[in-house]
Amino acid sequence: MMACFRSLLLFLLAAFLVCCLFAKTASAHGDFPTLTPKELYDGMQSGSFDLIIDVRSQAEWDLGRIEGATFVNALNLFGTADEMSSPYDLAGCESCTIVVYCNSGNRAVTAAEILQHAGFTGKIYNGLGITQWQEAGYTLSNTVESVVPHCVANPGQCKMSTAPTFVPTFPPTFEISGGIVLGITTTASAFVVLAMTVFFGVF
(Lines give C-alpha, C1' and ligand atoms only; values in the text may rest on other atoms or scores of the structure.)
Protein backbone atom coordinates (compact mmCIF):
# COMPACT_ATOMS: atom_id res chain seq x y z
CA MET A 1 0.00 0.00 0.00
CA MET A 2 2.76 2.40 0.97
CA ALA A 3 4.68 1.59 -2.21
CA CYS A 4 1.62 2.45 -4.32
CA PHE A 5 1.21 5.84 -2.68
CA ARG A 6 4.90 6.60 -3.14
CA SER A 7 4.63 5.70 -6.84
CA LEU A 8 1.61 7.96 -7.22
CA LEU A 9 3.38 10.80 -5.48
CA LEU A 10 6.45 10.46 -7.71
CA PHE A 11 4.24 10.41 -10.81
CA LEU A 12 2.43 13.59 -9.79
CA LEU A 13 5.69 15.34 -8.95
CA ALA A 14 7.03 14.40 -12.40
CA ALA A 15 3.85 15.78 -14.02
CA PHE A 16 4.29 19.01 -12.08
CA LEU A 17 7.89 19.41 -13.29
CA VAL A 18 6.84 18.79 -16.91
CA CYS A 19 4.15 21.48 -16.63
CA CYS A 20 6.71 23.92 -15.26
CA LEU A 21 8.94 23.18 -18.24
CA PHE A 22 6.05 23.90 -20.63
CA ALA A 23 5.37 27.14 -18.79
CA LYS A 24 8.98 28.24 -19.26
CA THR A 25 8.80 27.42 -22.98
CA ALA A 26 5.56 29.37 -23.42
CA SER A 27 7.01 32.35 -21.59
CA ALA A 28 10.01 32.38 -23.92
CA HIS A 29 7.66 32.81 -26.89
CA GLY A 30 5.52 35.50 -25.31
CA ASP A 31 2.05 35.21 -23.91
CA PHE A 32 -0.20 36.09 -26.83
CA PRO A 33 -3.59 34.39 -27.29
CA THR A 34 -3.93 32.70 -30.67
CA LEU A 35 -6.91 33.33 -32.92
CA THR A 36 -8.29 30.75 -35.30
CA PRO A 37 -9.24 32.10 -38.74
CA LYS A 38 -12.92 32.00 -37.73
CA GLU A 39 -12.26 33.89 -34.51
CA LEU A 40 -10.29 36.47 -36.47
CA TYR A 41 -13.01 36.79 -39.11
CA ASP A 42 -15.84 37.01 -36.57
CA GLY A 43 -13.91 39.55 -34.50
CA MET A 44 -13.32 41.69 -37.59
CA GLN A 45 -17.01 41.55 -38.47
CA SER A 46 -18.04 42.59 -34.98
CA GLY A 47 -15.40 45.32 -34.69
CA SER A 48 -13.69 43.64 -31.75
CA PHE A 49 -10.18 44.60 -32.89
CA ASP A 50 -8.79 48.10 -33.23
CA LEU A 51 -6.27 47.16 -35.89
CA ILE A 52 -5.08 44.13 -37.83
CA ILE A 53 -1.45 44.35 -38.85
CA ASP A 54 0.32 42.35 -41.53
CA VAL A 55 4.01 41.99 -40.70
CA ARG A 56 5.13 40.11 -43.82
CA SER A 57 7.40 41.46 -46.53
CA GLN A 58 6.39 43.87 -49.27
CA ALA A 59 6.48 41.08 -51.87
CA GLU A 60 4.19 38.90 -49.76
CA TRP A 61 1.80 41.80 -49.15
CA ASP A 62 1.59 42.52 -52.87
CA LEU A 63 0.56 38.94 -53.61
CA GLY A 64 -2.46 39.15 -51.32
CA ARG A 65 -3.53 40.25 -47.85
CA ILE A 66 -6.47 40.13 -45.49
CA GLU A 67 -8.85 42.94 -46.33
CA GLY A 68 -8.82 45.61 -43.65
CA ALA A 69 -5.22 45.00 -42.62
CA THR A 70 -2.52 47.58 -41.98
CA PHE A 71 0.83 46.81 -43.58
CA VAL A 72 3.84 47.16 -41.27
CA ASN A 73 6.68 45.95 -43.46
CA ALA A 74 8.59 43.05 -41.82
CA LEU A 75 8.08 44.37 -38.29
CA ASN A 76 9.70 41.20 -36.97
CA LEU A 77 13.05 42.51 -38.28
CA PHE A 78 12.95 45.64 -36.13
CA GLY A 79 16.27 46.16 -34.36
CA THR A 80 18.23 44.13 -36.91
CA ALA A 81 20.43 45.16 -39.82
CA ASP A 82 17.48 44.39 -42.13
CA GLU A 83 15.02 46.64 -40.29
CA MET A 84 12.19 47.83 -42.56
CA SER A 85 9.70 49.35 -40.12
CA SER A 86 9.27 50.29 -36.48
CA PRO A 87 6.65 49.73 -33.77
CA TYR A 88 6.60 53.51 -33.50
CA ASP A 89 4.94 53.60 -36.91
CA LEU A 90 1.87 52.67 -34.86
CA ALA A 91 2.32 55.48 -32.34
CA GLY A 92 -1.03 56.36 -30.79
CA CYS A 93 -2.19 52.73 -30.72
CA GLU A 94 -0.31 51.68 -27.59
CA SER A 95 -3.46 50.90 -25.58
CA CYS A 96 -5.46 49.41 -28.43
CA THR A 97 -6.44 45.82 -29.21
CA ILE A 98 -4.15 44.52 -31.96
CA VAL A 99 -4.07 41.39 -34.08
CA VAL A 100 -0.76 40.51 -35.71
CA TYR A 101 -0.53 38.04 -38.59
CA CYS A 102 2.09 36.87 -41.06
CA ASN A 103 2.30 33.73 -43.20
CA SER A 104 1.99 31.05 -40.52
CA GLY A 105 2.13 32.77 -37.12
CA ASN A 106 5.82 32.59 -36.21
CA ARG A 107 6.80 36.07 -37.33
CA ALA A 108 3.60 37.36 -35.76
CA VAL A 109 4.83 36.23 -32.33
CA THR A 110 8.14 38.03 -32.83
CA ALA A 111 6.36 41.19 -33.97
CA ALA A 112 3.97 41.00 -31.01
CA GLU A 113 6.92 40.76 -28.63
CA ILE A 114 8.48 43.82 -30.30
CA LEU A 115 5.26 45.78 -29.80
CA GLN A 116 5.04 44.68 -26.18
CA HIS A 117 8.65 45.69 -25.48
CA ALA A 118 8.02 49.05 -27.18
CA GLY A 119 5.34 49.87 -24.60
CA PHE A 120 2.16 48.59 -26.24
CA THR A 121 -0.06 47.67 -23.29
CA GLY A 122 -3.28 46.77 -25.10
CA LYS A 123 -4.31 43.19 -25.81
CA ILE A 124 -2.20 41.66 -28.59
CA TYR A 125 -3.37 38.56 -30.45
CA ASN A 126 -1.48 36.19 -32.71
CA GLY A 127 -3.68 35.99 -35.80
CA LEU A 128 -1.50 33.22 -37.26
CA GLY A 129 -1.10 33.65 -41.02
CA ILE A 130 -2.62 33.70 -44.45
CA THR A 131 -1.84 29.98 -44.74
CA GLN A 132 -4.40 29.11 -42.08
CA TRP A 133 -6.71 31.89 -43.32
CA GLN A 134 -6.90 30.42 -46.81
CA GLU A 135 -7.08 26.83 -45.58
CA ALA A 136 -10.18 27.85 -43.63
CA GLY A 137 -11.79 29.05 -46.86
CA TYR A 138 -11.32 32.81 -46.49
CA THR A 139 -10.03 34.90 -49.37
CA LEU A 140 -7.24 37.44 -49.81
CA SER A 141 -7.23 40.76 -51.61
CA ASN A 142 -4.48 42.30 -53.72
CA THR A 143 -6.31 45.51 -54.56
CA VAL A 144 -7.30 46.99 -51.20
CA GLU A 145 -4.79 49.50 -49.82
CA SER A 146 -3.23 49.34 -46.37
CA VAL A 147 -5.63 50.74 -43.79
CA VAL A 148 -4.57 53.76 -41.74
CA PRO A 149 -5.62 52.80 -38.19
CA HIS A 150 -8.02 55.11 -36.38
CA CYS A 151 -5.57 55.23 -33.47
CA VAL A 152 -2.75 56.47 -35.72
CA ALA A 153 -4.90 59.21 -37.22
CA ASN A 154 -6.33 60.00 -33.77
CA PRO A 155 -3.62 59.10 -31.22
CA GLY A 156 -4.93 57.37 -28.14
CA GLN A 157 -8.43 56.87 -29.55
CA CYS A 158 -9.20 53.20 -30.16
CA LYS A 159 -12.32 52.16 -32.02
CA MET A 160 -12.99 49.43 -29.49
CA SER A 161 -11.55 48.78 -26.07
CA THR A 162 -13.08 45.38 -25.38
CA ALA A 163 -11.36 42.26 -26.69
CA PRO A 164 -13.40 39.18 -27.64
CA THR A 165 -13.84 36.41 -25.11
CA PHE A 166 -12.84 32.93 -26.24
CA VAL A 167 -10.68 29.98 -25.32
CA PRO A 168 -7.28 30.33 -27.08
CA THR A 169 -6.38 27.47 -29.41
CA PHE A 170 -3.05 25.76 -29.89
CA PRO A 171 -1.07 27.26 -32.81
CA PRO A 172 0.47 24.88 -35.37
CA THR A 173 3.93 25.41 -33.89
CA PHE A 174 4.61 23.85 -30.49
CA GLU A 175 3.54 26.81 -28.39
CA ILE A 176 1.09 26.81 -25.50
CA SER A 177 -0.58 29.96 -24.26
CA GLY A 178 0.33 31.11 -20.78
CA GLY A 179 -3.26 30.85 -19.55
CA ILE A 180 -3.50 27.18 -20.51
CA VAL A 181 -0.13 26.43 -18.94
CA LEU A 182 -1.15 28.25 -15.77
CA GLY A 183 -4.31 26.15 -15.55
CA ILE A 184 -2.38 22.90 -16.07
CA THR A 185 0.28 23.91 -13.56
CA THR A 186 -2.30 24.91 -10.97
CA THR A 187 -4.11 21.59 -11.40
CA ALA A 188 -0.86 19.63 -11.10
CA SER A 189 0.03 21.55 -7.95
CA ALA A 190 -3.35 20.72 -6.42
CA PHE A 191 -2.85 17.02 -7.15
CA VAL A 192 0.61 17.09 -5.60
CA VAL A 193 -0.69 18.75 -2.43
CA LEU A 194 -3.59 16.27 -2.25
CA ALA A 195 -1.27 13.27 -2.73
CA MET A 196 1.11 14.49 -0.05
CA THR A 197 -1.78 15.10 2.35
CA VAL A 198 -3.12 11.58 1.82
CA PHE A 199 0.34 10.05 1.97
CA PHE A 200 1.38 11.67 5.24
CA GLY A 201 -2.14 11.35 6.70
CA VAL A 202 -2.14 7.59 6.19
CA PHE A 203 1.47 6.94 7.14
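**Exercise 1. Determine which residues of helix 2 are exposed and which are buried, and how the buried ones are placed.**

Solution. Begin with the exposed side: Lys38 and Gln45 of helix 2 are exposed. Exposed means over 50% relative accessible area, buried under 20%, and partly exposed in between (1.4 Å probe, protein chains only). Helices (H or I, at least four residues) and strands (E, at least two) are DSSP runs, numbered from the N terminus.

The model is predicted: local features need pLDDT of at least 70, side-chain atom pairs count only at pLDDT 80 or more, and totals for chains, interfaces and linings use all residues. Residues are numbered from 1 along each chain as its sequence is written, and side-chain values use heavy atoms, with hydrogens and water left out.

Next, the buried residues of helix 2 (residues 37-46) include Pro37, Leu40 and Gly43. They lie on the same side of helix 2 because they cover an arc of only 135 degrees around the axis, the arc being that of the directions from the helix axis to the C-beta atoms. An α-helix has 3.6 residues a turn, so residues three or four places apart point the same way.

Last, identify the cover. Strand 1 (51-54), strand 3 (98-102), strand 4 (124-129) and helix 5 (130-135) are among the elements covering the buried residues, where contact means heavy atoms within 4.5 Å.

**Exercise 2. Describe the faces of strand 1 and the strands that pair with it.**

Solution. In a regular strand the side chains alternate between the two faces of the sheet. In strand 1, Leu51 and Ile53 are buried on one side, and Ile52 and Asp54 are buried on the other.

Now take the pairing, for which DSSP must find at least two bridges between two strands. Strand 1 pairs with strand 3 in the parallel sense over four bridges, and Ile53 stands opposite Val100. Strand 2 (residues 70-71) runs parallel to strand 1 and is joined to it by two bridges, with Asp54 opposite Phe71.

**Exercise 3. Check the span of helix 4 and place Asn106.**

Solution. The expected span is 1.5 Å times one less than the number of residues. For the twelve residues of helix 4 (residues 106-117) this should be 16 Å, and the end C-alpha atoms are 17 Å apart, which agrees.

Asn106 belongs to helix 4. Asn106 is partly exposed, because its relative accessible area is 38%. Its C-alpha atom is separated by 9.5 Å from that of Asn76, 30 residues apart along the chain.
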